[in-house]
Amino acid sequence: MRRNTITLAALLSFAGCAPDDNCLRRDGNCSLLALLTYYPWQASCTAADPSSQSWSTSFTDAVDSEFGFDVCARGGTIFLLSQANVPFASYSGLNSTTPQPAGQSMAAVRYNLQGQALSFAYIGADPNTVSAAQIAPALDGGVLLLGIVDGAISNLNMNIQRRAYVASVDSATVKMDANGVPQWFSHYGGAGNDFLRGVAPAPLGGYFLAGDSNSSNALSDVAVRLPPTGEQQAWLVRLDAAGNPIWQTYVGGAGADSFSSVQALPDGGALAVGGTNISFTAGGLNPLQAHSGGNDLMLARFNAHGDLMWFSFFGDGGNQFGSGLAVVDQTIVVSGNTAGGPASFNGLSPYTPAGGASDGLYVEFDFSGNTTRYGIVGGAGNEQLNSVLALAGGGYLLVGDSTTIGSLAGKSPLLINSGSNDFVLVRFAGPGAGIDWWSFYGSAAAENGGRVAATASGDLILAGNSVGVISGAPTPIIAPLGGGDDAALFRLRSNGQF
């Protein structure tokens with residue numbers, strides 16, 4: 001929805017309400033309060049921005065690898081979600097605000113809009129490990145960190161723990177205030193392996209978590225909307241603002257089913273995307289688009305109570321999977337990955353065709369779960385798309401990494417490939433519209449991953465993994481120290497240039 005041009009009729013239409021509906025009702029279909037709260041909140045991961053100066057920096061040490069998983073801009077602050085294989089005592093003259101763990105840990109690093117480090121904190125589970133997943137804005141100006149643990153978080157004050165670690169692999173959240181101070185943390189899981197990889201704030205407070213579980217009932221004390229029906233099920237959990245689960249639901253069949261990303265909706269419900277390797281029915285519903293017989297991308301919509309409203313598949317019998325999603329002008333835009341196809345789908349041809357055996361994928365859906373457009377981002381090498389960001393003005397940005405793309409829709413890149421695997425950004429003018437620009441960002445070594453946030457001026461903050469100094473970028477504020485991969489963070493203009 002375009003900023004500053006939102007009408008009540010447009011909001012009601014988006015939420016599925018007629019203008020004469022009683023939209024003060026809270027039945028999971030339409031809520032005026034939710035709608036009016038949702039759009040200001042949608043922009044709350046956008047930083048207030050007095051400057052447009054580009055910069056680059058690294059979260060780094062000389063001993064081992066650090067990784068940049070996600071980024072969120074809040075007010076005048078940028079939060080980088082990182083992971084350190086071997087935590088180090090100090091960074092940019094700062095010490096961790098939490099006790100330093102010994103083993104692999106999640107790290108939250110705060111920067112100002114000029115790229116200067118403000119503070120950092122580790123989340124550890126000695127003698128076990130914590131892996132970073134995603135970060136989401138909170139309504140109070142803070143953030144929620146999501147990670148995966150194979151033991152209990154051990155370096156935070158146990159008085160702020162909401163739920164204890166259970167067994168095997170669990171997921172964990174840590175709520176931080178705007179200054180990066182942990183306010184509470186919680187574990188989510190059962191007797192099996194429970195992976196939550198995606199997080200999104202709900203419009204009226206709380207959060208959605210999405211992933212997969214092979215526990216028979218991962219949260220045994222929490223209401224289940226749809227029970228698990230197979231060994232590995234896609235899993236969606238609704239939390240309140242204090243991290244307590246309100247409900248959980250499972251989607252899947254006899255195969256392997258998973259969600260990777262989640263997006264809240266103004267009606268209080270959510271969309272979740274991931275993949276599955278088998279067809280199924282769920283909640284008495286059939287898929288809107290049939291399963292291809294291979295590994296298919298899966299998109300599902302839920303109402304505010306956790307009831308499944310519809311689900312849909314996208315695939316060609318090969319290998320497709322959804323990695324991220326955003327809502328752009330009443331269109332659902334999904335990023336993902338594909339093993340080279342499909343060459344056509346439901347009478348549609350790809351807007352940009354396949355390039356090789358492993359490519360990035362983007363798919364546009366309407367709110368009935370039908371594909372309206374799709375395309376492939378790829379060359380002769382290996383490409384992937386990790387996320388998609390809705391932009392002010394109705395456009396969207398695909399974020400991933402690539403080695404060999406030559407052109408997209410007849411356009412050459414702003415910055416050419418560095419000779420190895422680079423970050424890649426592709427900016428579309430909007431759903432159904434053309435490509436505004438696309439570009440590589442890389443060093444002589446390899447870059448991969450990549451997620452992006454925006455400032456109020458439209459500048460872009462890109463986070464990912466790098467082994468060198470990004471070509472063409474300003475001199476790093478903190479240069480990579482060469483211990484392996486480093487978490488890279490840099491700021492671009494809205495036109496993709498430094």
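This briefing describes one antiparallel sheet and the strand β4 within it. The model is predicted, so local features need pLDDT of at least 70 and side-chain atom pairs count only at pLDDT 80 or more, whereas totals for chains, interfaces and linings use all residues. Residues are numbered from 1 along each chain as its sequence is written, and side-chain values use heavy atoms, with hydrogens and water left out.

**Sheet architecture**
- Four strands form an open sheet in the order β3-β4-β7-β8, with antiparallel pairing; strands are DSSP runs (E, at least two residues) numbered from the N terminus, and two of them pair if DSSP finds at least two bridges between them.
- β3 (66-74) and β8 (117-123) are the edge strands, each pairing on one side only.
- Neighbouring strands of this sheet are turned by 20 degrees against each other on average, direction ignored (axes are lines fitted to C-alpha atoms, with angles from 0 to 180 degrees between N-to-C directions).

**Pairing of β4**
- β4 (residues 77-84) pairs with β7 (residues 105-112) in the antiparallel sense over eight bridges.
- β3 and β4 also pair in the antiparallel sense over eight bridges.
- These two strands, β3 and β4, form a hairpin with two residues between them, and G75 in the turn has a positive phi of about 60 degrees.
- L80 has V109 as its bridge partner in β7, while V71 stands opposite L80 in β4.
- I78 stands opposite Y111 in β7.

**Burial of β4**
- Eight of the eight residues of β4 are buried (under 20% relative accessible area, 1.4 Å probe, protein chains only).
- In a regular strand the side chains alternate between the two faces of the sheet.
- On one side of β4, T77, F79, L81 and Q83 are buried, and on the other I78, L80, S82 and A84 are buried.

Conventions. Buried means under 20% relative accessible area, exposed over 50%, partly exposed in between (1.4 Å probe, protein chains only).
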